[in-house]
Amino acid sequence: MLRNILPLCLLPILVSAQYGYNTDSSPTPTGSSVKAAPSAPPDTTGQINVDVFFQGNYTFHPNNFTAPKGTNVTFYIPNSGFDHSVTQSSFASPCTHLTSADNSTVGFDSGLTSAKQFTITITDDTKPIWFHCKQVQHCGLGMVGAINAPTTGNNTFEAFMAAALAIGMNEPMEPDNGFVSGGVNAVATAPAVATAGASSSSNGGFTNIPTHVGILVLSALMAIMMM
């Protein structure tokens with residue numbers, strides 16, 4: 001009977017690993033688990049660069065800026081101990097991937113990744129572009145951003161941030177299907193590419209499993225084999 005129960009006990013851990021989410025209950029990496037990654041370089045004409053998880057904080061830097069039509073915006077996603085994403089959302093639902101009326105995805109999405117650069121191109125600078133990180137709890141901690149957001153009225157970046165923080169720990173877990181091209185008011189045409197000088201933490205989908213969890217899984221499997 002124990003032989004049948006133990007695999008079921010391990011199932012949540014293996015499912016979490018399969019979808020690339022951090023199985024550690026602590027939302028903040030500490031000590032040696034935080035790996036340095038190249039910072040975003042200075043902006044140039046027609047190019048804006050954004051740091052993701054800036055200085056180990058749940059934020060994009062900058063997280064609220066303007067960008068003319070045709071501007072390329074590149075997000076530098078670090079190897080921080082768990083994956084991050086740049087996922088387009090809406091003002092009404094800051095922590096949910098942007099979808100159309102028929103529930104099909106229309107917003108760009110880098111997918112959960114690390115040590116990568118992800119670029120979008122602004123196609124309409126008269127309308128706002130909202131985005132967030134889909135890693136569990138990150139959006140609810142304020143990891144959101146806006147491009148060309150109104151500076152007055154009800155739909156400002158400050159209101160968008162407040163809406164994300166209000167969701168907090170009630171943030172829904174979003175599925176990760178990898179790179180999604182396209183977008184609204186900005187488009188992504190290519191998946192994220194490796195950042196020079198940084199190594200990815202990706203491991204075929206089984207990412208960010210703490211060492212003690214790995215030991216527990218291995219020990220349990222060995223116990224099953226010895227029965």
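Student: How many disulfides does the structure hold?

Tutor: This predicted model holds one disulfide.

Student: What makes Cys 95 and Cys 139 a disulfide?

Tutor: A disulfide is a pair of cysteine sulfur atoms within 2.5 Å. The sulfur atoms of Cys 95 and Cys 139 are 2.0 Å apart, so the pair meets the cut-off.

Student: Why is the disulfide of Cys 95 and Cys 139 called left-handed?

Tutor: The torsion about its S-S bond is about -85°, and therefore the disulfide is left-handed.

Student: Which parts does the pair tie together?

Tutor: Cys 95 is in the loop between strand 5 and strand 6 (116-122), while Cys 139 is in the loop between strand 7 and strand 8. The pair therefore ties together parts that are 44 residues apart in sequence.

Student: How do you know that Cys 133 is in no disulfide?

Tutor: The cut-off for two cysteine sulfur atoms is 2.5 Å. For Cys 133, the nearest cysteine sulfur is that of Cys 139, 8.3 Å away. Cys 133 is therefore left without a disulfide.

Student: Is Cys 95 buried or exposed?

Tutor: Buried means under 20% relative accessible area. Cys 95 has 1% relative accessibility, so Cys 95 counts as buried.

Student: What about Cys 139 and Cys 133: buried or exposed?

Tutor: Cys 139 has a relative accessible area of 0%, so Cys 139 is buried. Cys 133 also has 0%, and therefore Cys 133 is buried. Of the 227 residues of the chain, 41% count as buried.

Student: Now the sheet. Which strands are its edge strands, and what makes them so?

Tutor: The sheet is open, with four strands in the order 3-8-7-5 and mixed pairing. Strand 3 (64-65) and strand 5 (87-89) are the edge strands, as each pairs on one side only.

Student: How do you know that strand 5 and strand 7 pair?

Tutor: Two strands pair if DSSP finds at least two bridges between them. Strand 5 and strand 7 (residues 129-132) have three bridges, in the antiparallel sense, so they pair. Within this pairing, Thr 87 stands opposite His 132 in strand 7.

Student: Which helix packs on the sheet, and which strands does it touch?

Tutor: Helix 2 (residues 157-167) packs there, touching strand 3, strand 5, strand 7 and strand 8 (144-147). The direction of helix 2 makes about 155° with that of strand 8.

Student: How many helices and strands does the chain have?

Tutor: The chain has three helices and 10 strands. Along the sequence, they follow the pattern α-β-β-β-β-β-β-β-β-α-β-β-α.

How values were computed:
Residues are numbered from 1 along each chain as its sequence is written. This is a predicted model: local features need pLDDT of at least 70, side-chain atom pairs count only at pLDDT 80 or more; totals for chains, interfaces and linings use all residues. Side-chain values use heavy atoms; hydrogens and water are left out. Helices (H or I, at least four residues) and strands (E, at least two) are DSSP runs, numbered from the N terminus. Contact means heavy atoms within 4.5 Å. Axes are lines fitted to C-alpha atoms, for helices over the stretch in contact, and angles run from 0 to 180 degrees between N-to-C directions. Buried means under 20% relative accessible area, exposed over 50%, partly exposed in between (1.4 Å probe, protein chains only).
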